[in-house]
Amino acid sequence: MKDFVEELQWRGMIHNIMPGTGEQLKKGMQTAYVGIDPTADSLHIGHLVSIMIMAHFQACGHRPLIVVGGATGMIGDPSFKSAERVLLTPEIINHNLQCIKKQVSKFLNFDENTENHAQILNNYDWTKQWSFIDFIREIGKHITVNYMMAKDSVKKRIETGISFTEFSYQLLQGYDYFYLYQNYDCRLQLGGSDQWGNITTGTELIKRMADGEAYAITCPLITKADGKKFGKTEKGNVWLDREKTSPYQFYQFWLNLSDDDAKRFIRIFTLKTQDEILALESEHDKQPEARLLQKELAKDITIRVHSEEDYNNAIEASQILFGKGTKETLSRLDEMTFLSVFEGVPQFKVSKSDIEAGIPIIDLLATHTQILSSKGEVRRELKGNSLSINKEKIGEDYITNNDSILNNKYILVQKGKKNYFIIVAE
């Protein structure tokens, strides 16, 4: 059995660790949990830090629990937030729960025939039985207001104001830990560094209510080398759901990391061994422009989140802009990937029925779209053999037809090597 603490240390994934944690983990198979609030119907790659910690935990022979906060998600964690969150309805939370379960299953082994199989739990299942009065009598009396006020996550909100609802969050999360300690022999909670206050409230409850010992490890909040929030792009979060972030966009995010980020993230987001990673880094440093680390990381995580087919399609799509694409390649792209590849390319609308009826190429580019300024310019470009439709070179006799339209909607026009235009058939 690999040493979990040592595994996290060389991967750069420990921010805080409670004394005695390492010793407890050496006593044999242990159970730990991380919590995820179901604030959306998909995880984004910021959540992957917690999920990968649990993947490493399971790979070290221990049993992971994922607690999706059906109860706490109705309140919202105030930790280092500047304003109160919008509260979610039970119906929305239940839908989000089902989506998250499906995504987490790609990272952890849930086979019940395996001794250390993972489980997904919903904290609403053990919280719904409590009335408000019973909870504050039986649980709330064990934690003082002074103790709760001392948490950094609370202190940072005092000046702007914090509702009792959010203030009570740490008590609910603390009770989760106590419940799992009693019912699942869970003695370790893992999470981001911003969760330290909530986690230690749980260890305090276990100590006061059960005279028990429980432990905690937090990992650093991940940012990129430029200081920007990890997983954020100009468009927002990078999601695991293909409908929110296409596999091509997902692959490109990892492929475009800086060398420094790739060296850090390949440790966190893959299960590759230390020797494997050091060998990859050595090869990468010999020829950094080949971006070996980025390619290995992008491959590993894209296949895990999506599939090997999606990974291969993402590579094909990536090559289109570098002149390696064909009409056949283009035709295999779904609409979302097609638009992702050619993001920012000028678009022109033309009647679909006119395209199917047949438009001479000179009229298409100079009259119907103004992609080129005049018929004379179109003729000059055609004479220079620099115009392509859907990655196929064309001549002056080219006339559009139904076969010209990709995905029943688009025509890709290319002038030279780098100038692209999209005709939208309406």
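**Helix H15.** I began with helix H15, residues 292–305, whose 14 residues reach 20 Å from the first C-alpha to the last, close to the 20 Å expected at 1.5 Å a residue. I keep in mind throughout that this is a predicted model. I then looked up which residues of H15 are buried, and found Leu293, Gln294, Leu297, Ala298, Asp300, Ile301, Thr302 and Val305. When I asked what covers these buried residues of H15, I found that the cover includes helix H3 (48–59), helix H12 (247–255), helix H13 (259–269), helix H14 (274–286) and helix H16 (308–320).

**Thr329.** I next turned to Thr329, which lies in helix H17, residues 327–332. Is Thr329 buried or exposed? I count Thr329 as buried, because its relative accessibility is 8%, under the 20% cut-off. Its side chain makes a polar contact with the side chain of Thr326, at 3.0 Å. Setting aside neighbours within four places in sequence, I found Thr329 in contact with Glu316 and Ile320.

**The five-stranded sheet.** I last traced an open sheet of five strands, which has mixed pairing and runs in the order S9-S13-S12-S10-S11. Strand S9 (347–350) and strand S11 (392–393) stand at the edges, and each has a single partner strand, so one side of each is left without a neighbour in the sheet. Looking further into the sheet, I noted that strand S10, residues 387–389, and strand S12, residues 410–415, pair in the antiparallel sense over three bridges. Which residue of S12 is the bridge partner of Ser388? I found that Gln414 is that partner.

Methods. Residues are numbered from 1 along each chain as its sequence is written. This is a predicted model: local features need pLDDT of at least 70, side-chain atom pairs count only at pLDDT 80 or more; totals for chains, interfaces and linings use all residues. Side-chain values use heavy atoms; hydrogens and water are left out. Helices (H or I, at least four residues) and strands (E, at least two) are DSSP runs, numbered from the N terminus. Buried means under 20% relative accessible area, exposed over 50%, partly exposed in between (1.4 Å probe, protein chains only). A polar contact is a pair of N or O atoms within 3.5 Å; within protein, one must be able to donate a hydrogen and the other to accept it, and residues adjacent in sequence count only if both atoms are side-chain atoms. Contact means heavy atoms within 4.5 Å. The expected span of a helix is 1.5 Å times one less than its number of residues. Two strands pair if DSSP finds at least two bridges between them.
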